[in-house]
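Work through the exercises below with the coordinates open beside the text. Each task is followed by a solution that proceeds in steps.

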Amino acid sequence: MIVLNGGSSSGKSGIARCLQAVLPEPWLTFGVDTLVEAMPASMRAWDGGIEFAPDGEVIVGPEFRTLETAWIEGVVTMARAGAGVIVDEVFLGGAASQQRWQKALGGLPVLWVGVRCESAVAAAREIARGDRVAGMAASQADVVHEGVTYDVEVDTTRSESMECARIIAAHIG
């Protein structure tokens with residue numbers, strides 16, 4: 001399993017697609033965005049689910065955490081069954097978020113990857129994408145890495161996704 005952690009618009013999804021292209025075996029990609037999109041619309045309007053504040057802050061409630069725990073367990077089960085899995089994550093809680101994954105993973109081999117991007121560059125990407133709440137990239141750029149331990153880190157500020165994917169792939173044993 002490969003876990004990519006970085007803020008919004010840092011380049012995780014592009015790296016995940018490139019990893020699928022360069023890794024010799026087929027790998028599945030799942031992102032926290034997949035989880036959010038799978039939730040009922042009512043949970044994306046808060047109600048204990050997830051709220052995207054106008055300033056870009058993301059607030060999660062107990063109902064979100066319950067579904068997130070089930071999702072993490074499901075993704076880990078696929079990896080335990082032999083599937084190569086790339087997870088595109090945003091550790092809003094920094095080290096606490098990583099610990100939730102570590103608990104579920106048990107002894108499963110995982111490559112922890114930090115995906116960094118300068119805040120201003122991520123914010124520009126966010127605007128260009130047009131599908132994110134303005135301010136998410138800036139508010140997440142650093143906080144998602146606080147206390148998180150990585151095996152490898154890449155920076156997409158000036159590096160293309162494919163270059164980052166090749167660096168990561170070189171660490172797969």
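Contact, as the word is used in these exercises, means heavy atoms within 4.5 Å. The model is a predicted one, and every value below is computed from it.

**Exercise 1. Describe the surroundings of Ser10, beginning with its place in the chain.**

Step 1. Ser10 lies in the loop between strand β1 (2-5) and helix α1 (12-22).

Step 2. The relative accessible area of Ser10 is 4%, and because buried means under 20% relative accessible area, Ser10 counts as buried.

Step 3. If residues up to four places away in sequence are not counted, Ser10 touches Val115, Arg116, Cys117, Arg125 and Thr156.

Step 4. A polar contact is found as well, since the side chain of Ser10 reaches the backbone oxygen of Gly7 at 2.8 Å, and the cut-off for such a pair is 3.5 Å.

**Exercise 2. In what order do the strands of the open sheet stand, and which strands are at its edges?**

Step 1. The open sheet is formed by five strands, and their order is β2-β5-β1-β6-β7, with parallel pairing.

Step 2. The edges are taken by β2 (27-31) and β7, each of which has a single partner strand, so that one side of each is left without a neighbour in the sheet.

Step 3. Neighbouring strands of this sheet are turned against each other by 20 degrees on average, direction ignored.

Step 4. At one edge, β2 and β5 pair in the parallel sense over five bridges, and Gly31 stands opposite Asp88 in β5.

Step 5. At the other edge, four bridges join β6 to β7, which run parallel, and the bridge partner of Val115 in β7 is Val154.

**Exercise 3. Which residues of strand β7 belong to its covered face, and which to its uncovered face?**

Step 1. The rule to start from is that in a regular strand the side chains alternate between the two faces of the sheet.

Step 2. In β7 (residues 152-155), Val152 and Val154 make up the covered face, whereas Glu153 and Asp155 make up the uncovered one.

Step 3. Val154 is also among the residues touched by Cys164, together with Ile15, Asp155, Thr156 and Ser159, when residues up to four places away in sequence are not counted. Cys164 is found in helix α7 and counts as buried at 1% relative accessibility.

**Exercise 4. Determine how helices α3 and α4 are placed against the sheet, and what the buried residues of α4 pack against.**

Step 1. α3 lies across β2 and β5, running at about 150 degrees to β5, while α4 lies across β5 and β6, running at about 160 degrees to β6.

Step 2. In α4 (residues 95-105), the buried residues are Ala95, Ser97, Gln98, Trp101, Ala104 and Leu105.

Step 3. These buried residues of α4 pack against α3 (62-80), β5 (84-89) and β6 (111-116).

Step 4. Gly106 follows α4, and the phi of Gly106 is positive, near 55 degrees.

Step 5. Two of the residues of α4, Ala95 and Gln98, recur in the contacts of Val148, which also include Asn5, Phe91 and Gly94 once neighbours within four places in sequence are left aside. Val148 is found in the loop between α6 (136-140) and β7, and at 11% relative accessibility Val148 counts as buried.

**Exercise 5. How much space lies in the largest pocket and in the largest cavity, and which residues line them?**

Step 1. Rolling a probe the size of a water molecule over the atoms shows where empty space is left.

Step 2. The largest pocket holds about 600 Å³ of space. Of the 33 residues that line this pocket, the closest to its centre are Val32, Asp33, Val90, Arg132 and Met136.

Step 3. Helix α2 (residues 32-38) gives the most to the lining of the largest pocket, with four residues.

Step 4. The count of cavities of 30 Å³ or more comes to one, and about 50 Å³ of space lies in the largest cavity.

Step 5. The lining of the largest cavity consists of Gly7, Ser8, Ser10, Val115, Arg116, Cys117, Ala122, Ala137, Ala141 and His145. Ser10, the subject of the opening exercise, is thus one of the lining residues, and Val115, Arg116 and Cys117 are among the residues that Ser10 touches.

Technical notes:
Residues are numbered from 1 along each chain as its sequence is written. This is a predicted model: local features need pLDDT of at least 70, side-chain atom pairs count only at pLDDT 80 or more; totals for chains, interfaces and linings use all residues. Side-chain values use heavy atoms; hydrogens and water are left out. Buried means under 20% relative accessible area, exposed over 50%, partly exposed in between (1.4 Å probe, protein chains only). Helices (H or I, at least four residues) and strands (E, at least two) are DSSP runs, numbered from the N terminus. Two strands pair if DSSP finds at least two bridges between them. A polar contact is a pair of N or O atoms within 3.5 Å; within protein, one must be able to donate a hydrogen and the other to accept it, and residues adjacent in sequence count only if both atoms are side-chain atoms. Axes are lines fitted to C-alpha atoms, for helices over the stretch in contact, and angles run from 0 to 180 degrees between N-to-C directions. On a 1 Å grid over the protein atoms alone, a cavity is a set of points where a 1.4 Å probe fits but cannot get out, and a pocket is an open set with protein on both sides within 12 Å along at least five of seven lines; lining residues have an atom within 4 Å of a point. Grid points are joined across faces, edges and corners, and a volume is the space filled by probe spheres set on the points.
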